[in-house]
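Hi everyone, thanks for coming. I'd like to walk you through a structure that is new to most of us, so let me put it on the screen.

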Amino acid sequence: MTTGNGRTPLLEARRLRKHFPLRGGLLQRTYAWVRAVDDVSFDVYPAETLGIVGESGCGKSTLARLILRLIESDAGTLRFGGEDVRSASAPRMKRLRRDMQLVFQDPYASLNPRLTIEDAVAFSLLVHGTPRGEARERARALLSRVGLDPRLYGRRYAHELSGGQRQRVNIARALVLDPKLLVLDEPVSALDKSIQAQVLNLLQDLKAERALTYVFISHDLNVIEYVSGRVLVMYLGQVVETGTADALAESPKHPYTQALFAAAPSMDPDLRMDRPPITGDPPNPINPPSGCRFRTRCAFAMPRCADGPPALLPVGPTHDVACYLYQ
Amino acid sequence: MPLMHIEAVGGVGEDRGSLPPTVNMSYWRTVAWRLGRDPATLVAGTVLLLIALSAVLAPWLAPYDPNSGSIRLRLAPVGTSAHVLGTDEQGRDMLSRLLWGGRMTLVAGLTPVLVAFVLGTVLGVFAGYIGGLTNTIVMRTMDIFYAFPAVLLAIAISGALGPGLPNTLISLSIVFVPRVVRVAESATVQVKGLEYIAAARASGAGVRQIMRHHLLANVLGPILVFASTQVSLSIILAAGLSFLGLGVTPPAAEWGLMLNTLRQSIYVNALVPALPGLAIFVTSMAFNLASDGLRDAMEIRA
């Protein structure tokens with residue numbers, strides 16, 4: 001595991017697992033399991049940004065929901081500020097929720113069409129017993145901080161806003177409870193490039209202002225490199241490589257990480273390739289390949305890769321990789 | 001009316017004419033505003049209002065006692081002096097009977113749908129939100145009722161319970177509850193999966209708060225629209241039950257029953273027996289048009 005220079009982590013995940021049952025037939029019998037998140041471990045240290053990157057369907061969003069306990073994990077431990085999240089009682093969980101919030105990917109489905117954006121942001125405060133007037137006041141202040149004039153937008157409904165504006169509302173809603181940790185699940189993927197930059201800069205400013213800790217999930221390596229201190233690369237529900245953003249960009253070790261970096265679009269024509277570095281879709285997470293899950297698409301696959309899953313082992317001071325090429 | 005998109009910046013779009021006067025109106029005020037601008041809905045609404053008023057005011061509007069007739073004045077044609085709409089096969093004033101009959105028909109049409117709206121919404125939202133085994137039990141039970149055609153089910157239940165208005169209401173409610181449950185359940189399941197519900201859960205909101213502020217506000221609209229389309233069907237089913245002798249019992253005036261008793265007189269005087277049928281047609285048509293208008297007005301981009 002990557003160390004955090006002796007600091008205590010804010011969020012600690014150990015061998016977190018979520019398998020979704022697939023049911024069918026008259027009796028709704030389980031006939032298969034989708035192994036969405038399989039024994040994922042990581043730490044998030046205060047005030048850092050941990051980027052999580054991977055293809056669609058690699059379990060990133062499931063992981064986000066596991067962290068916030070929006071879905072229950074099957075196994076593993078999850079500690080937030082030293083407290084066990086998975087076994088927290090309902091009142092404890094409600095307290096914990098003030099400290100960890102989620103920003104969603106879809107700016108359209110994530111706002112209630114029947115609430116004004118002021119009320120949408122104030123709702124979380126009302127849940128935690130803030131009087132209505134004060135809640136609305138704080139919601140308006142925060143809206144203005146994320147760049148939406150509350151006098152102009154406060155009484156509007158979500159459908160009257162653009163995608164970028166909605167995502168600002170989402171961010172305001174997540175911040176209104178003054179959380180310590182913000183899990184951002186593809187927060188800019190649905191936005192235009194120019195709007196992406198604005199929202200990313202807003203997120204960076206807010207992080208500095210409020211001493212926030214981010215878990216930033218994206219499939220876009222450029223975005224991940226821009227925001228993250230450390231990066232976790234996921235493939236089919238497992239962590240294949242983790243390290244600082246710089247270390248990963250300079251010398252990606254895992255063939256999958258190398259392929260991801262090679263596949264990222266570049267502005268430099270000399271760096272463009274004629275052929276994609278990896279082809280095909282990720283294998284079905286219902287029945288993942290034995291051993292190393294990447295071996296079916298890996299250019300360096302060896303007989304050994306089919307034997308058993310490689311362990312995540314250090315290749316540098318803050319750089320771990322799960323690949324037999326380095327063991 | 002097409003879906004409208006309101007520019008967030010400024011609000012001085014060119015298509016200002018199709019926008020509500022103030023952009024920041026609440027949802028239901030916008031719906032009301034759009035309803036008021038739809039000519040078909042306005043006409044249907046006016047017709048419904050007149051029918052409702054005439055039903056409520058029947059005791060004062062009706063020129064004669066609807067249940068007493070004169071043997072000498074049987075089947076007087078429309079336009080007879082003193083009997084504007086003629087008389088029926090027992091010499092009772094048709095206008096008075098139609099006015100009084102409207103009361104019965106409206107009660108029989110609206111009550112089952114109202115009962116089904118309340119019960120069906122509670123059951124459907126409950127089943128949809130809880131999911132799992134509860135959902136399976138509730139929904140499969142409702143499916144049993146779906147196995148029978150609506151008319152057959154209504155006749156079977158009414159036949160078992162016996163004639164009379166209360167039994168008609170009960171049997172029609174049983175017909176409509178499963179339909180509303182289905183719509184409520186599917187709307188709930190759809191909304192439950194949206195991210196704003198997850199966001200509310202992430203903020204620590206309990207089931208009751210989520211239901212009240214996030215779920216109900218978004219599912220009641222579609223359920224209401226669906227229920228409103230069922231009113232005309234309920235009116236026709238209620239009239240049908242009366243026609244078959246399973247609904248309102250004679251000598252009470254009810255449009256379906258009037259249609260039944262006047263049936264044999266159609267060769268003597270074609271127009272008078274057609275009047276209750278016309279009343280049923282106009283009323284159910286007006287309900288249909290009004291519910292179409294409601295559906296269009298509520299189709300505001302989320």
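I'll start with chain B, then turn to the place where the chains meet, and finish with the nonpolar core.

Please keep in mind that this is a predicted model. Chain B has 302 residues, and 41% of them count as buried. If you look for strands in chain B you will find 0, alongside 11 helices. Reading along the sequence, then, you meet one α after another: α-α-α-α-α-α-α-α-α-α-α. Along the principal axes, the C-alpha atoms of chain B fill a box of roughly 75 × 50 × 30 Å. Now take the contacts in chain B with a separation of 6 or more: 70% of them come from residues 24 or more positions apart.

Next, the meeting place. How many residues does each chain bring to the contact? Chain A brings 28 residues and chain B brings 23. On the chain A side, the elements giving two or more residues are helix H2 (90–99), strand S6 (100–103), helix H3 (117–127) and helix H6 (163–175). That side of chain A is a mix by class, with 11 nonpolar, 8 polar and 9 charged residues.

Last, the core. The largest nonpolar core has 156 residues, and those with the most contacts inside it are A:Val121, A:Val183, A:Val215, A:Val233 and B:Val180. Which element gives the most to this core? That is helix H9 of chain B, residues 207–243, with 15 residues.

Let's zoom in on A:Val215. Leaving aside residues up to four places away in sequence, A:Val215 touches A:Val44, A:Leu50, A:Ile52, A:Ile67, A:Leu181, A:Val183 and A:Leu184. Thanks for listening!

Definitions and conventions
Residues numbered from 1 in each chain as written. Chains lettered and ligands numbered in written order. Predicted model: local features only at pLDDT ≥ 70, side-chain atom pairs only at ≥ 80, totals over all residues. Contact = placed C-beta atoms within 7 Å. Helix = DSSP H or I, 4+ residues; strand = E, 2+ residues; numbered from the N terminus. Nonpolar A, V, L, I, M, F, W, Y, C, P; charged D, E, K, R; others polar. Core = buried A, V, L, I, M, F, W, Y, C linked by C-beta atoms within 7 Å. Buried ≥ 20, exposed ≤ 12 C-beta atoms within 10 Å, placed from the backbone.
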